[in-house]
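Dear colleague,

I am passing on the structure below, together with some notes on what came out of a first look at it. Please read them alongside the coordinates.

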Amino acid sequence: MSVRKVTTVVIGAGQAGLAMSRELSWRGIDHLVLEKGSIGNAWRKARWDSLKLLTPNWANGLPGAQYWGADPHGFMGVGAFVDRLEDYAHRIAVPIEAGIEVLSARQIDTGFHLETSRMPIRCRTLVLATGGCALPAVPAMAQGLPGTIVQTTPADYKRPGDLPDGGVLIVGASASGVQIARELQVAGRRVTLAVGSHLRLPRQYRGRDIEWWLDAIGALDEGYEAVDDIERVRRTPSPQLIGGSDPVDIAALQALGVEIVGRLSTFRDGHALFSGGLAHVCASADLKLERLCDRIDAHIAARGSAAAATARVRAGPTPVPVAPRLSLNLGTGEVRSVVWATGFRPDHGFARELPVFDRRGRLMHDGGVVTGVPGLYALGLPFLRRRRSLQISGAGPDARDLARHLSEHLNRRQAA
């Protein structure tokens with residue numbers, strides 16, 4: 001079989017891969033975008049039916065294509081966003097090969113050799129743009145669940161009717177966990193939510209969407225070099241928000257009837273055991289929220305009428321049960337299913353032959369420039385180069401920075 005040769009290969013055709021394609025085209029670098037499914041594949045397949053983007057429409061601009069629709073303050077559904085990605089790819093003429101899976105990647109003298117489901121490819125530079133949320137991160141303790149209980153993740157869950165009748169234990173209280181908890185509770189299910197470390201944010205504060213404030217105070221553009229412990233910050237959970245005005249924090253869920261318990265510790269003798277630290281993790285989230293609001297208030301005070309906003313009203317501390325339950329008997333039939341809303345992880349399995357992973361299997365990189373392998377880059381990971389990196393609006397700035405580095409790498413190789 002003949003080998004296809006190209007200067008750069010981009011793996012993944014989500015917003016990160018498309019943004020990189022645009023930057024490479026602008027710099028005149030011939031390239032190919034490979035996608036194992038179709039454009040926006042993860043958005044299309046690994047999301048539940050009712051999901052809307054967490055950020056308002058005005059904040060979801062793609063490089064060279066800001067939102068100009070009639071509902072800037074609304075929240076786009078996933079289907080509409082996928083349509084937008086497809087239109088964007090067509091408009092910028094992305095050189096894409098869809099329906100092709102990269103099976104392996106290895107380093108060679110001239111760059112990289114890729115084995116794919118269609119043909120071998122050789123390239124001088126390689127960009128991993130498969131994102132940070134490709135695979136659900138299910139803990140090993142899931143193997144201790146009784147076989148009578150149905151297990152699922154936000155990547156497989158689609159709607160309440162897909163779960164068996166009866167109660168649901170949701171493990172994890174970040175964006176996916178709280179949204180699914182709300183949907184199931186409203187659908188008439190009895191929901192228990194196991195709460196660990198979480199990020200509490202208000203949808204609105206002082207008359208504006210929280211996304212607007214995060215942008216205004218410069219929080220979203222804080223660079224990775226300025227953070228003391230970047231690996232810890234990269235593990236920050238997604239905020240307790242929903243695409244719309246409905247509150248989904250711990251207080252709002254309890255008001256709907258969701259039972260709140262501490263972090264799931266383990267399964268033992270047919271019981272789920274929970275940590276007794278619920279009050280502590282909620283107090284920690286409340287403190288971080290107060291600090292953010294203080295920062296916004298200081299921004300408003302410093303600018304006076306130029307930052308006109310409504311009166312200062314804060315949500316108050318999270319209400320916590322006096323004695324939250326510490327165990328749940330899984331043999332009574334009270335709980336029939338478990339949703340593992342315990343986060344996501346990247347899928348870089350095809351790069352396993354490259355010496356780029358630490359002992360925990362995490363990709364080692366410096367702001368998206370992969371460590372130890374010249375010409376290898378990564379996009380779409382949490383806090384890659386700036387706090388907004390994982391957001392749609394972060395794809396363009398990160399792609400621009402890395403495309404510049406990639407171009408300089410090619411020039412150095414050519415000069416050598």
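One of its pockets may be a good place to begin, with the caution that the model is predicted. Strand 11 (204-205) and helix 8 (278-303) each contribute at least two residues to the lining of the second largest pocket, and helix 8, with four residues, provides the largest share of that lining. The volume of the second largest pocket comes to about 320 Å³. Of the 23 residues that line this pocket, Leu 201, Pro 202, Arg 203, Asp 249 and Ala 315 are the closest to its centre. By character, the lining residues comprise 12 nonpolar, four polar and seven charged.

A second local feature is a hairpin formed by strand 14 and strand 15, with two residues between them, where Asp 269 in the turn has a positive phi of about 50 degrees. The two strands, covering residues 264-268 and residues 271-274, run antiparallel and are joined by four bridges, and within this pairing Thr 266 stands opposite Leu 273 of strand 15.

As for the chain as a whole, it contains nine helices and 21 strands, and its C-alpha trace spans about 70 × 60 × 40 Å along the principal axes. The radius of gyration is 23 Å, which agrees with a compact globule, because a globule of 416 residues would have a value near 22 Å. Buried residues account for 51% of the 416 residues, and of the contacts between residues at least 6 apart in sequence, 69% join residues at least 24 apart.

With best regards

Terms used: Residues numbered from 1 in each chain as written. Predicted model: local features only at pLDDT ≥ 70, side-chain atom pairs only at ≥ 80, totals over all residues. Heavy atoms only, no water. Pairing = 2+ DSSP bridges. 1 Å grid on protein atoms, 1.4 Å probe; cavity = no way out; pocket = protein on both sides within 12 Å on 5 of 7 lines; lining within 4 Å. Points joined across faces, edges and corners; volume = space filled by probe spheres on them. Nonpolar A, V, L, I, M, F, W, Y, C, P; charged D, E, K, R; others polar. Rg over C-alpha atoms; globule rule 2.2 N^0.38 Å. Buried < 20%, exposed > 50% of the residue type's maximum accessible area, 1.4 Å probe, protein only. Contact = heavy atoms within 4.5 Å.
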